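Student: I have a model open and want to go through its fold. Can you put it up so we look at the same thing?

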Amino acid sequence: MVAHHISMIAVQAETGRLTTEGLPLAGAERFLAIGDTARTALTEMRRLLGVLREDAGPADVPERRPQPGIEQLVELVDEARDASGAALRLIVDGAMRPVGPGVELTAYRIVQEALTNARRHAPGAAVDIELRYVRDALILRVRDKGPGQRVTAEGPGAGHGLLGMRERAAMAGGELRAGPAGVGGFLIEATFPAPSREQAA
């Protein structure tokens with residue numbers, strides 16, 4: 001969550017630099033400095049977390065708050081809308097049902113990362129987040145209406161965003177696809193097994 005908020009600082013600094021009309025050179029340089037500082041902080045945080053994971057034992061794990069899930073997506077979308085000023089919609093298709101805490105947390109994190117990526121690569125673009133409950137699966141789609149060009153996890157110079165989402169989906173028993181949407185923009189789609197109660201019985 002802290003890394004997400006620091007990412008938002010970097011994204012908002014870049015958005016401010018690109019969208020502020022008549023911005024003097026000194027102002028643009030300050031925005032760049034803010035973004036660079038935020039990205040440096042993210043790098044240092046990842047290194048620190050790596051050290052903590054290696055050193056921490058079972059007795060060192062502190063008490064934690066409940067992990068977010070699908071019910072917290074409304075709050076996440078509202079927060080992202082306020083930060084970016086873009087038009088964001090959360091669409092639910094089908095009757096909501098429990099899908100397991102691992103899938104819920106994974107869906108939340110994928111949406112969180114996808115929104116951060118949309119702000120970075122398509123600032124100001126509208127984004128639709130769709131949860132579709134079908135008979136044996138939960139389908140999650142996040143589509144921005146930006147230019148659709150994006151570095152993918154398989155491409156050269158790919159970052160950890162899409163790769164991390166793909167790994168999260170696989171750990172929850174699902175799969176994730178990402179690429180330009182057929183109708184424009186960029187689409188991230190994850191499918192998770194989520195049998196209905198009738199199937200589970």
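Tutor: One term before the sheet: two strands count as paired if DSSP finds at least two bridges between them. Also keep in mind that this is a predicted model.

Student: OK. In what order do the strands of the sheet come, and is it open or closed?

Tutor: The sheet is open, with 5 strands in the order S1-S2-S3-S5-S4, and the pairing is mixed.

Student: Which strands stand at the edges?

Tutor: Strand S1 (88-93) and strand S4 (175-180). Each has a single partner strand, so one side of each lacks a neighbour in the sheet. On average, neighbouring strands of this sheet are turned by 10° against each other, ignoring direction.

Student: How do S3 and S5 run, parallel or antiparallel?

Tutor: Antiparallel: strand S3 (residues 137-144) and strand S5 (residues 186-193) are joined by 8 bridges. Within that pairing, isoleucine 139 has threonine 191 in S5 as its bridge partner.

Student: And what does helix H4 touch?

Tutor: Helix H4 (residues 101-121) packs on the sheet and touches S1, S2, S3, S4 and S5. The direction of H4 makes about 10° with that of S3.

Student: Where does H3 lie?

Tutor: Helix H3 (residues 73-84) lies across S1 and strand S2 (127-133), and runs at about 160° to S1.

Student: Back up a bit. How many helices and strands are there, and how do they run from the N terminus?

Tutor: The protein has 6 helices and 5 strands. From the N terminus on, the elements go α-α-α-β-α-β-β-α-β-β-α.

Student: What share of the contacts is long in sequence terms, say 24 or more positions apart?

Tutor: Such pairs account for 66% of the contacts with a separation of 6 or more. One pair to look at is alanine 95 and valine 134, which are 39 residues apart in sequence and 8.5 Å apart in space, C-alpha to C-alpha.

Student: Where is alanine 95, and is it buried or exposed?

Tutor: Alanine 95 is in the loop between S1 and H4. Its relative accessible area is 59%, so it is exposed, the cut-off being over 50%.

Student: Surface next. Which residues make the nonpolar patch?

Tutor: Leu48, Leu49 and Leu52 make a nonpolar surface patch of about 260 Å². Leucine 52 lies in helix H2 (residues 25-55), and at 45% relative accessibility it counts as partly exposed.

Student: And the totals for the protein: how much area is exposed, and what percentage of residues is buried?

Tutor: About 11900 Å² is exposed, with carbon and sulfur atoms supplying 55% of it. Of the 201 residues, 35% are buried.

Key. Residues numbered from 1 in each chain as written. Predicted model: local features only at pLDDT ≥ 70, side-chain atom pairs only at ≥ 80, totals over all residues. Heavy atoms only, no water. Patch = residues over 30% accessible without salt bridge, like charges linked within 9 Å, V, L, I, M, F, W, Y side chains within 5 Å. Areas by Shrake-Rupley, 256 points an atom, 1.4 Å probe, with all protein chains shown as cover. Salt bridge = Lys/Arg side-chain N within 4 Å of Asp/Glu carboxyl O. Helix = DSSP H or I, 4+ residues; strand = E, 2+ residues; numbered from the N terminus. Buried < 20%, exposed > 50% of the residue type's maximum accessible area, 1.4 Å probe, protein only. Axes fitted to C-alpha atoms, helices over the stretch in contact; angles between N-to-C directions. Contact = heavy atoms within 4.5 Å.
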